[in-house]
Amino acid sequence: MPDTRLYDSDFFAWTQDQASRLRRLAAERSNVDLDLENLAEEIESMGRSEQRELISRLSVLMLHLLKWRFQPNLRGASWKATIAVQRADLSDLLLDSPSLKSKLGESIGRAYGRAVIKAIAETGLPENTFPPDCPWALEQMMDSSFLPEA
């Protein structure tokens, strides 16, 4: 019987482990009547979708932190709620897949680039308004009492 503890405790790590196991099985047993390589690819893809969700949620959080910081006259309950929801959803995602923490550095960089693109479009402010790199540490962004001031 397979050990399901990893599936229950870290979905991202489980997808990567299972894809690796399927590929080893495919290499060892050429007579298995399953499309193991494509099965492995699909399982691995499920893990990649977890990382895409991480980037997406970080991007939305950063977008609203940028708008909060650079448009103080437009601050409102909606932005504050979006920030709180993204923090909660990111916490849940990282609880479900703790190994995604190893992808945070790369994900923050990618998410920040997307957040700036959206901030420029949504605020009408020039690109040079926004710092070239994310100005906040993850701990700051996730801190429920943190809102960047002008």
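# A tour of a six-helix chain

Begin with the whole protein chain in view: its radius of gyration is 19 Å, whereas a compact globule of 150 residues would have one near 15 Å. What is on display is a predicted model, and every value in this tour is computed from it. Turn the chain along its principal axes, and its C-alpha atoms fill a box of roughly 65 × 30 × 20 Å.

Next, colour by secondary structure, which comes to 6 helices and 0 strands, so that, read along the sequence, the pattern is α-α-α-α-α-α. Among contacts between residues at least 6 apart in sequence, 71% join residues at least 24 apart.

Now show the surface. The accessible surface comes to about 8800 Å², and 52% of this area belongs to carbon and sulfur atoms, while 35% of the 150 residues count as buried. If you select the charged side chains, you will find 18 positive and 23 negative charges, whose mean positions are 5 Å apart.

Hide the surface and select Leu54, Leu58, Met62, Leu65, Leu66 and Met141, the residues with the most contacts inside the largest nonpolar core, which has 26 residues. Helix H3 (36-70), helix H4 (77-96), helix H5 (104-123) and helix H6 (138-142) each supply at least two residues of this core, and H3 gives the most, with 8 residues.

From this group, keep Leu58 and display its surroundings. Which residues does Leu58 touch, not counting those up to four places away in sequence? The contacts are with Leu90, Leu104, Ser107, Ile108, Ala111 and Leu138.

Before leaving the nonpolar interior, select Trp14, Leu22, Ala40 and Ile43, which are included in a second, separate core of 7 residues.

The last stop is Gln51, which lies in helix H3. Is the Gln51 residue buried or exposed? Gln51 has a relative accessible area of 10%, and because buried means under 20% relative accessible area, Gln51 counts as buried. Display the residues around Gln51 and, leaving aside those up to four places away in sequence, you will find that Gln51 touches Leu100, Lys103, Glu106, Ser107 and Arg110. Ser107 is worth keeping selected, since this residue is listed among the contacts of Gln51 and also among those of Leu58.

Definitions and conventions. Residues numbered from 1 in each chain as written. Predicted model: local features only at pLDDT ≥ 70, side-chain atom pairs only at ≥ 80, totals over all residues. Heavy atoms only, no water. Core = buried A, V, L, I, M, F, W, Y, C linked by side-chain atoms within 4.5 Å. Buried < 20%, exposed > 50% of the residue type's maximum accessible area, 1.4 Å probe, protein only. Helix = DSSP H or I, 4+ residues; strand = E, 2+ residues; numbered from the N terminus. Contact = heavy atoms within 4.5 Å. Rg over C-alpha atoms; globule rule 2.2 N^0.38 Å. Areas by Shrake-Rupley, 256 points an atom, 1.4 Å probe, with all protein chains shown as cover. Lys, Arg positive; Asp, Glu negative; His and termini not counted. Charge placed at Lys NZ, Arg CZ, Asp CG, Glu CD.
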